[in-house]
Each structure stands twice: as C-alpha cells, then as structure tokens.
Amino acid sequence: PGFAMNPGPRSKLFRPRTPAQLDACRKLVWQELRQPWGQPPDAVDDAEERCTDHLAARLEDGRIVAYGRLLQIGPGLGQIRSMVVAPGFRGHGLGRTILQNLESLARGRGIGEIRIHARESAFSFYAGQDYIGGASGTLLFGEIPHRWLHKFQDCHVFRAYGLQCQPANRDDGAEVADLVFEVLAAYGMQPETDGIDRDLLDLESFYREGFFDLLRDDQGRLQGTVAVLRLSAGRGELRRMYLRHEVRGKGLGRACLGHALAWSRETGVHTLELETATRLHEARALYQWAGFEAMPAGHCEARRCDLRLQLHLTPRATPVHD
C-alpha cells in the first residue's frame, strides 16, 4: 500500500521478503552489476539486511526484472543501493518508479537526506530525479568511475499528497474529535472522554512541549492528524495518527510517521513510544516495519489499546560505497 503499482510493462511492484525472492534479486544485481567484471556476488550481511528496505518489479511468472534497496545508515540519513533493471525492460520507467518508491520508504523512516554512490553512466538518470553533488567516489573494480550524489526531502511537507500541514490550536479540538471518533467507530472502538481523549479539550496546551499537526486539503477540510507528546527530555509518545478513509492507501500514514520520527530526532527525542490495539492490523504492520517493538510490561493509558510499543531512534548501520 502506498506504492506506485504501474512500474512498467507486464510487471508489478512488490517488496521481496522470502529467501527465494531475495536470492532472485541478488542474482539480477550480480548478473548486471558484477558478473561482467568477473566479480562474485555480494556477500550477505545479516546486520545490513535488518536495516534494508528491498523493492522489486516482477513479471506474472515471478521473474524479477528490476530492483533497488534502501539502507538507513544514520539518524535521518539513507543510502539507495543496487539499482538495476534487466535488459529488455529498460526505458519504460521501471528504474524511476522503484527510485521514487524507495524515496517514499525513506520518508516514512524520517530520512531527510538520501545518498547514492552512482556509476557515472547513471549520473544523468539520477540528475533527472533531482539528485545533485557529483563528488568523485570509489573507482569500483579498478575501472568503473563513481560519483557521490544526494537529495534532500522535507519530511514535514505534504504537498505531494495535496495537503497542507499546520499546527493545531485550542479552537480545533471539536473538529479533531469528530475525525478521531469517526475513525474509532469504524473499528468498533469507543471514545474515552474521561481518559485518554481529554487532550482534545485543549490541544495547544496539552502538546505545548511536543507538536500536534493537522493535515488539510485545498478546501480546508481536515483529512488527518499526527502528534508527539513529550514525556521527558529524551522520550516522546506518538499520538493521534488518524486519517480519513478516503486518503488512505497512498502512503500518507507512512509519511505521517516519518514526520513524527524526523521531528523527534530534530528535537532530541531518543525513544518514541506509542499505544495501539491488536485489531488495528494496518497500523501494527506500519509500526512493525518501522522497527517498533513491544515494551516489557507496557501499560496502556487508553482502555481501547492493548499494546505499548517503542522505537529507539539510533543509527542503524554504517555508510557503504556501492
């Protein structure tokens, strides 16, 4: 969900997860980027795999025809690697689609800078996608010139979704409550005006040490919310990530999460917590993808929630070159 699903002729975008799928992706990378120079396949680094997002395009018969991956290499910093499109499938936008969707995944992780160690033969492709730089990189295999490119993306801007992001004030509580309770009702969950939902009475004061943002469309209609409540100097709690049904399925929830992660890193929050419910399958899948884990004996303030999760916002890997 949230991916461009028309990546090229007869192919479909997907996220490879099984060993067989990942092996097929590595084989394509080896055939196109290493074998012609007499190089063996890249060794699999288990630690690196844990902080990698894989994205590929495959045909109906299962053949992988394009691939790329994103590594989170530091706080707010990512690197795209192993971009490849099989011969016979180039020139149809497959590489561009995978690149743009990897950027979307980067945004969901709160990554504001993406780096690429690109072969000079691909420099014009990346320049066409707004990557800049050009500093000399490694001479791979002793003969392939590379350049370091980078691209900045603002995780706090939602123009790509047709929405404006603005801070809430105390007069927005009733409108936010309507959205929150509408979404809760769709999942068979009840408001708790005597408990967790007291924050809706005065959003501005309640979140003054954190943030509470509203997402409005061009007509001013409230389409979503996202907030972080500061619990202490280095701890925060992700709250109020609610979206109307009609704006889901486009990656907006992932973008809201990235907005909260980027804000947390920028303001010194080292651990981000949240409460959710077992029945909220889509939300749980998003949090699991982002790396949230169950807190030991985590107590939930909301009666409608039964899971308390946390994410440590620390570097996940070290920079790599190819």
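**Chatting through a predicted model**

Colleague: Hi! Where is I111 found?
Modeller: I111 is found in the loop between helix 3 and strand 5 (113–119). Helices are DSSP runs of H or I with at least four residues, strands are runs of E with at least two, and both are numbered from the N terminus.

Colleague: Before we go on, what kind of model is this?
Modeller: This is a predicted model, where local features need pLDDT of at least 70, side-chain atom pairs count only at pLDDT 80 or more, and totals for chains, interfaces and linings use all residues. Residues are numbered from 1 along each chain as its sequence is written, and side-chain values use heavy atoms, with hydrogens and water left out.

Colleague: Thanks. Back to I111: buried or exposed?
Modeller: I111 is buried, since its relative accessible area is 0%. Buried means under 20% relative accessible area, exposed means over 50%, and partly exposed is in between, with a 1.4 Å probe and protein chains only.

Colleague: And which residues is I111 in contact with, leaving aside its neighbours within four places in sequence?
Modeller: The list is L70, Q72, G76, L77, G78, A106, Q153 and C155. Contact here means heavy atoms within 4.5 Å. Also, I111 and G74 are 37 residues apart in sequence, with 8.8 Å between their C-alpha atoms.

Colleague: Let's turn to helix 3. At what angle do the axes of helix 3 and helix 7 cross?
Modeller: Roughly 45°, with the axes of helix 3 (residues 94–108) and helix 7 (residues 252–266) coming within 6 Å. That makes helix 3 oblique to helix 7. Angles under 35 degrees count as roughly parallel, over 145 as roughly antiparallel, 65 to 115 as roughly perpendicular, and the rest as oblique. The axes are lines fitted to C-alpha atoms, for helices over the stretch in contact, and the angles run from 0 to 180 degrees between N-to-C directions.

Colleague: Which residues meet there?
Modeller: From helix 3 you have S104, L105, R107 and G108, and they meet R254, A255, L257, G258 and L261 of helix 7. The residues of this contact divide into 4 nonpolar, 3 polar and 2 charged. For that split, Ala, Val, Leu, Ile, Met, Phe, Trp, Tyr, Cys and Pro count as nonpolar, Asp, Glu, Lys and Arg as charged, and the others, Gly among them, as polar.

Colleague: R107 caught my eye. Which ring does its charged end sit over?
Modeller: The ring of F158, with the charged end of R107 4.6 Å from the ring centre. R119 lies over the face of W37, at 5.0 Å from the ring centre. A charge sits over a ring if NZ of Lys or CZ of Arg is within 6 Å of the ring centre and within 35 degrees of the ring normal.

Colleague: While we're on rings, how many aromatic pairs are there?
Modeller: The count comes to 8 aromatic pairs. The rule is that rings of Phe, Tyr and Trp (its six-membered ring) pair if their centres lie within 6.5 Å; planes under 30 degrees apart count as stacked, over 60 as edge-to-face and the rest as tilted. One of these is F125 with Y126: the ring centres are 4.9 Å apart and the planes are at 65°, so the pair is edge-to-face.

Colleague: Which residues form a cluster with them?
Modeller: F125, Y126 and Y131 form one aromatic cluster. F125 is partly exposed at 30% relative accessibility, whereas Y126 is buried at 6%.

Colleague: New topic, backbone. Which phi does S82 have?
Modeller: A positive one, about 60°, although S82 is not a glycine. Most residues other than glycine have a negative phi. S82 is found in strand 4 (residues 77–85) and is buried, with a relative accessible area of 12%.

Colleague: And F141, what about its phi?
Modeller: The phi of F141 is positive as well, about 55°, and F141 is not a glycine either. Its place is in the loop between strand 6 (132–136) and strand 7 (146–152), and F141 counts as partly exposed at 23% relative accessibility.

Colleague: Last one: what is R147 in contact with, neighbours within four places aside?
Modeller: R147 is in contact with I116, H117, A118, E120, F123, G134, A135 and G137. R147 is found in strand 7 and counts as partly exposed at 25% relative accessibility. The C-alpha atoms of R147 and I116 are separated by 8.1 Å, and the two are 31 residues apart along the chain.
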